[in-house]
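Please open the structure in your viewer and keep the selection panel at hand. The tour below goes from stop to stop, saying at each one what to select and what is found there.

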Amino acid sequence: MIVVMKIGTPEAEISRLAEELQTWGLSPEKIVGKHKTVIGLVGDTVDLDPLQLQEMSDWIEQVLRVEKPFKRVSREYRHGEASTVIVSTPNGPVAFGEHSPIAIVAGPCSVENETMIVETARRVKAAGAQFLRGGAYKPRTSPYAFQGHGESALGLLAAARDASGLGIITEVMDTADLDKVAEIADVVQVGARNMQNFSLLKKVGAQDKPVLLKRGMSATIEEWLMAAEYILAAGNPNVILCERGIRTFDRQYARNTLDLSVIPVLRSLTHLPIMIDPSHGTGRAEYVPSMAMAAIAAGTDSLMIEVHPNPAKALSDGPQSLTPDRFDRLVQELSVIGKAVDRWPLSLAALA
Ligand code: PEP
Ligand code: MN
C-alpha cells in the first residue's frame, strides 16, 4: 500500500504518521520523489481500510493499494517515478536510470591474467565505457571448463581499476565469497543461474554495494521482479535489472533469444534501471552491434558488452566477444542512436 502525501507536507507530519503506522505493525518507508513524498507500507495490509488510513492526516492526498505481488520494486511504489542508481567509481559517480545518459559496461567474460585485464580496461575506457566487467568466479555448465581464477582475479580487477579509473562489475556466485567480492566490486553481479538463489539475494540485499541482477534464462518477468524484491526487502534499494537472453527452441543460430520487449514492459512495471547484455543474449559477436543499437532505440538505460583483446584465445565466451577495435567503432555507432533518443554524450565519468 502507498500513502501519497500532499505537496508541502511538513517533515514532522510525515514522521508522526510513520511512527503511528509502525505501532500498527507495518514497516513504513519514506520515498522522496521529484514531485511528491510517498510512504510505502509493506506488511500485512490486507485488512487495512484505505479510507481509515486516509483519515489519519489532512496532509494525505491518496491511499493506494499495490495490487502486484512485487511491492517495493513496482512502479506504483514510487508513485510512477523512476529511480536512479548512482554508483561511485574512481572517475566519478555514474548514474543508471531513465533520466540519465546511457551507461556502458565492457570487458572480458573472465579475468584471465593481469596484462589482458589491464589492457582491456584501458581500451574500453578510451572507447567510452564507464565500467569494466570480468568474472573471477565463473558459473560454467561443465565442471571441466575454466572456472575463473577466483580470489586472485579480484586482485587483478583492483589493479585494472587503479590503472583505468573504471568502476568494476563482477559476479558473486556463493554467499561465502560476498565480502571479498564486495570489497573490490563497485557493483556486485548476481548471474542468470543464481537469479533465484534466495540466500544469495538476501545477502546481497543486506550489504551496501549496488546489485546487477541478471534475468534467469527461463525466468518470467514476474519471477525476475520477485527476485529483485528480495534484495530491496533486505534493505538494498540499488538494483539494476539485466536482460541477457532467454532460452528458446532455436539454438542453432543464436545462443539465446534476446528479449528486447522487456524494456517497455519493465518500464511500465518497475522503477528500477534496465541493462541489456547483447553478448550473452546472442552468443555471437557479429550480432552484438545491431542488438546494442536496438536496445538503445528501445530505451535501455545501460549496456553490458563482452570485449576481449584476442577473442579466438579467450578462456570463456570468445565467440561472443568483440575486439577492442570493434568495440571502439561500436560506441561511435551507438552515439548516433544515443543522440537521437537524447541520452548521449555518455556520463561525465567516461570522459574523466
Ligand atoms: C557473465 O556475465 O559472464 C555471465 C555468466 O552471465 P549470465 O549469468 O547472464 O550467463
Ligand atoms: Mn560470459
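Begin with the shell around ligand 1, whose residues divide into three nonpolar, three polar and seven charged. Bear in mind throughout that this is a predicted model. If you select the surroundings of the ligand, you will find that 13 residues surround ligand 1, and that the closest are Arg133, Lys138, Ala192, Arg193 and Arg244.

Next, show the side chains that bring polar atoms to the ligand. Select arginine 244, where a polar side-chain atom lies 2.6 Å from an oxygen atom of ligand 1, and then glutamine 189, where the corresponding distance from a polar side-chain atom to an oxygen atom of ligand 1 is 3.0 Å. Add histidine 280, which has a polar side-chain atom 3.3 Å from an oxygen atom of ligand 1. How much of the accessible area of ligand 1 does the protein cover? On its own ligand 1 has 300 Å² of such area, and the protein covers 97% of it.

Now hide the ligand and turn to the space that holds it, since ligand 1 sits in the largest pocket. This pocket has a volume of about 390 Å³; it is lined by 26 residues, of which Pro139, Arg193, Arg244, Arg255 and His280 are the closest to its centre. Colouring the lining by class will show eleven charged, ten polar and five nonpolar residues. Which strand should be selected as the one that gives the most to the lining of the largest pocket? Strand S9, at residues 167-171, contributes three residues to this lining.

Move on to the second largest pocket, which has a volume of about 250 Å³. Its lining comprises 14 residues, and those closest to its centre are Glu29, Arg78, Leu232, Pro237 and His271. Select strand S2 (27-32) together with helix H7 (221-233), as each of these supplies at least two residues of the lining of the second largest pocket. By class, the lining of the second largest pocket has five nonpolar, six polar and three charged residues.

For the last stop, look for enclosed space: the structure holds one cavity of 30 Å³ or more, and the largest cavity has a volume of about 30 Å³. To display the lining of the largest cavity, select Ile31, Gly33, Lys36, Val38, Arg78, His79 and Glu81, a set that divides into two nonpolar, two polar and three charged residues. Arg78 can be kept highlighted from the previous stop, as Arg78 lines the largest cavity and is also among the residues closest to the centre of the second largest pocket.

Conventions:
Residues are numbered from 1 along each chain as its sequence is written. Chains are lettered from A and ligands numbered from 1 in the order in which they are written. This is a predicted model: local features need pLDDT of at least 70, side-chain atom pairs count only at pLDDT 80 or more; totals for chains, interfaces and linings use all residues. Side-chain values use heavy atoms; hydrogens and water are left out. On a 1 Å grid over the protein atoms alone, a cavity is a set of points where a 1.4 Å probe fits but cannot get out, and a pocket is an open set with protein on both sides within 12 Å along at least five of seven lines; lining residues have an atom within 4 Å of a point. Grid points are joined across faces, edges and corners, and a volume is the space filled by probe spheres set on the points. Helices (H or I, at least four residues) and strands (E, at least two) are DSSP runs, numbered from the N terminus. Ala, Val, Leu, Ile, Met, Phe, Trp, Tyr, Cys and Pro count as nonpolar, Asp, Glu, Lys and Arg as charged, and the others, Gly among them, as polar. A residue is near a molecule or strand if one of its heavy atoms lies within 4 Å of it. A polar contact is a pair of N or O atoms within 3.5 Å; within protein, one must be able to donate a hydrogen and the other to accept it, and residues adjacent in sequence count only if both atoms are side-chain atoms. Accessible areas come from the Shrake-Rupley method with a 1.4 Å probe; for residues, only the protein chains shown count as cover. A molecule sits in a cavity or pocket if more than half of its atoms lie within 2 Å of its grid points.
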